[in-house]
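Here is a friendly walk through some side-chain contacts and one backbone detail. Have the coordinates open beside you as you read.

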Amino acid sequence: MSPNLRDGSFVIVLTGEKTNLKNYWSGKWQSSWSLKVDGTSAELSGDAKLHVHYFEDGNLQMQSSKSSPATTFSFSSPEKLAEETFSRIQAFENSLQTGLEEMYTNMNNETFKSLRRIMPISKTKMDWNINSVRMVRQVRK
């Protein structure tokens with residue numbers, strides 16, 4: 001964490017980036033948090049932004065963002081403030097990660113299957129053999 005004190009508030013920015021050009025993907029996670037401290041109470045709010053890029057046989061990108069509503073909590077020492085802030089940020093980012101994993105599982109099991117036809121309109125399976133396609137084109141000429 002890299003906090004900066006400005007007028008009684010902290011700005012916390014967490015960033016992680018991973019690039020794997022050998023396997024044709026990259027990704028970035030960035031979250032920004034505002035922590036306003038007043039005596040023994042604090043208010044925390046923030047948001048997370050994600051950008052994933054896969055580019056082996058095409059160009060697939062996903063961008064996502066989610067905001068965390070402001071929450072107020074009390075603390076008794078600077079150590080407790082840091083612990084509570086860390087646990088709240090961790091809980092938010094873990095729930096975001098879990099939600100993304102569930103979305104990907106749902107996409108694979110339900111969304112893509114509903115987009116795909118089991119059989120074409122002609123009610124015959126498509127033969128994806130390129131030689132067959134060429135032969136049909138030659139016969140039609």
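The report below covers a tyrosine in a loop, then the aromatic pairs, then the salt bridges.

**A loop tyrosine**

Please keep in mind that this is a predicted model. A good place to start is Tyr-24, which sits in the loop between β2 (9-20) and β3 (25-38). Its backbone deserves a look: Tyr-24 has a positive phi of about 65°, although it is not a glycine. Most residues other than glycine have a negative phi.

The side chain of this residue is worth a view as well. Tyr-24 is partly exposed, at a relative accessible area of 36%. Together with Trp-25, Tyr-54 and Leu-60, Tyr-24 makes up a nonpolar patch on the surface, and the four share about 390 Å² of accessible area. Of these, Trp-25 belongs to strand β3 and is partly exposed, with a relative accessible area of 30%.

**Aromatic pairs**

How many aromatic pairs are there? The count comes to two. Tyr-24 and Phe-55 form an edge-to-face pair, with 6.0 Å from centre to centre and 90° between the planes. This pair links distant parts of the chain, 31 residues apart: Tyr-24 is in the loop between β2 and β3, while Phe-55 is in the loop between β4 (41-54) and β5 (60-74). Phe-55 is partly exposed, with a relative accessible area of 25%.

Trp-33 and Phe-92 also form an edge-to-face pair, at 5.3 Å centre to centre and with 85° between the planes. Here the link joins strand β3, which holds Trp-33, to helix α1, which holds Phe-92, and the two residues are 59 apart in the chain. Are these two rings buried or exposed? Trp-33 counts as buried because its relative accessibility is 3%, under the 20% cut-off. Phe-92 is buried too, with a relative accessible area of 10%.

**Salt bridges**

Helix α1 (residues 78-115) also holds the partners of the salt bridges, and the count of these comes to two. The table sets them out.

| Salt bridge | N to O distance | Spacing in helix α1 |
|---|---|---|
| Glu-83 and Lys-80 | 3.8 Å | three residues apart |
| Glu-84 and Arg-88 | 2.6 Å | four residues apart |

Why can Glu-83 and Lys-80 be described as about one helical turn apart? The reason is that they are three residues apart in helix α1. Glu-84 and Arg-88 are likewise separated by about one helical turn, because they are four residues apart in that helix.

As for accessibility, Glu-83 is partly exposed at 47%, and Lys-80 is partly exposed at 42%. In the other bridge, Glu-84 counts as partly exposed at 27%, and Arg-88 is partly exposed at 28%.

Note on methods
Residues are numbered from 1 along each chain as its sequence is written. This is a predicted model: local features need pLDDT of at least 70, side-chain atom pairs count only at pLDDT 80 or more; totals for chains, interfaces and linings use all residues. Side-chain values use heavy atoms; hydrogens and water are left out. Buried means under 20% relative accessible area, exposed over 50%, partly exposed in between (1.4 Å probe, protein chains only). Patches are made of residues with over 30% relative accessible area and no salt bridge: like charges are joined within 9 Å, nonpolar side chains (Val, Leu, Ile, Met, Phe, Trp, Tyr) within 5 Å. Accessible areas come from the Shrake-Rupley method with a 1.4 Å probe; for residues, only the protein chains shown count as cover. A salt bridge is a side-chain nitrogen of Lys or Arg within 4 Å of a carboxyl oxygen of Asp or Glu. Rings of Phe, Tyr and Trp (its six-membered ring) pair if their centres lie within 6.5 Å; planes under 30 degrees apart count as stacked, over 60 as edge-to-face and the rest as tilted.
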